[in-house]
Amino acid sequence: MKKTRSTTKLAVIGAGAVGSTLAFTALARGTARTVALMDVNRAKVDAEVLDLRHGGMFVPQAEVVGSDDVEVCRDADVVVVTAGAKQKPGQSRLDLAEATIGLTRKIVPALVEVAPDAVFVMVTNPVDVVTYAAQQFSGLPHEQVFGSGTVLDSSRLRAALADHCGVATGNVHAYIAGEHGDSEIALWSSARIAGVPLLEWNALPGRAELDDVARERIAREVVESAYRVIAGKGATNYAVGLAATRIVEAVLNDEHRVMPVSTRIQDFHGIGDVCLSLPTLVDSRGATVTVDTPFSKAELEGLRASADHVRAVQRRFGL
């Protein structure tokens, strides 16, 4: 087992809304000793690096570098890929697939050449299809290349449940599984609120019941939330930047943290040859072991439908 690194380097590919926010969040949290930002737009990346350096006295000590040359990523411990086609209002994540897969085919082999031992985290949408493609193009072990998956969706779910039930978000333990997208499913059967099985939760005084209608509404809000943010401000960046940073920390600190990241599924209740999000152990090796989370019959049917949906897109692009 790898030991926690004494010096750490995080490379962020893409200096757009997500990439620059991720770099800022990593610096603010002291995630890595060096943060390298790469983007084809040299003027943009230089400006972002300069802006980040100007805040250096207010955050834990770290070096910030940037370039349009892949060499800036050399010997990175973790590479996070945020570069890709920008999602427009009303556009689904899967609509972005063709352009983003082409970009992934181009940049991933070059990144592997300069950082062959890095753990690669794909954040670009559609993340499940892009992760599957990156695994193929990289030639690396599947555990070394994974996607941010439904880590953000699960955070959205927990926030919505906490608000509905009148408890702190930290008291809610629930996951979104499947595609990071319209076919994702909430795992109600394994969810807990303050240790109480979610399906047995009795509403607190003055709070509405968490019945079938409420759960359906909350699940729909989680799916639609990204579209609402994009419609209002053009991009999602803060929450996904925080989520991606937390994944990076789980790798760099060898935390053995269970997170619903997107990994290659092989014979999970008969589901295989597709990247989907399931609760998975994340440590210094990457995304290693899928936790055998219990599923209800309906949830398993939903997961199979989600797998079929993503796999169809993979095949459409020859993956």
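Which residue forms a salt bridge with Asp283? In this predicted model, the partner of Asp283 is Arg285, and the closest N and O atoms of the two residues are 2.6 Å apart. The two partners sit in unlike surroundings, for Asp283 is buried, at 0% relative accessibility, whereas Arg285 is partly exposed, with a relative accessible area of 33%. Side chains of opposite charge can pair when their charged atoms come close.

The pair just described belongs to a structure that holds 13 salt bridges. Another of these links Arg264 with Asp273, where the closest N and O atoms lie 3.9 Å apart, a value that still counts because the cut-off for a salt bridge is a separation within 4 Å. In this pair the arginine is the buried partner, since Arg264 has a relative accessible area of 15% and buried means under 20%, while Asp273, with a relative accessible area of 35%, is partly exposed.

A further salt bridge is found within a helix. The side chains of Asp308 and Arg311 meet at 3.0 Å, taken from N to O, and both residues belong to helix H8, which comprises residues 297-316. Asp308 and Arg311 are 3 residues apart, which corresponds to about one turn of the helix. Of these two residues, Asp308 is partly exposed, at 47% relative accessibility, and Arg311 is buried, with a relative accessible area of 12%. Beyond such individual pairs, salt bridges with shared partners join Arg29, Arg246, Glu249, Glu255 and Arg257 into one network.

Terms used:
Residues numbered from 1 in each chain as written. Predicted model: local features only at pLDDT ≥ 70, side-chain atom pairs only at ≥ 80, totals over all residues. Heavy atoms only, no water. Buried < 20%, exposed > 50% of the residue type's maximum accessible area, 1.4 Å probe, protein only. Helix = DSSP H or I, 4+ residues; strand = E, 2+ residues; numbered from the N terminus.
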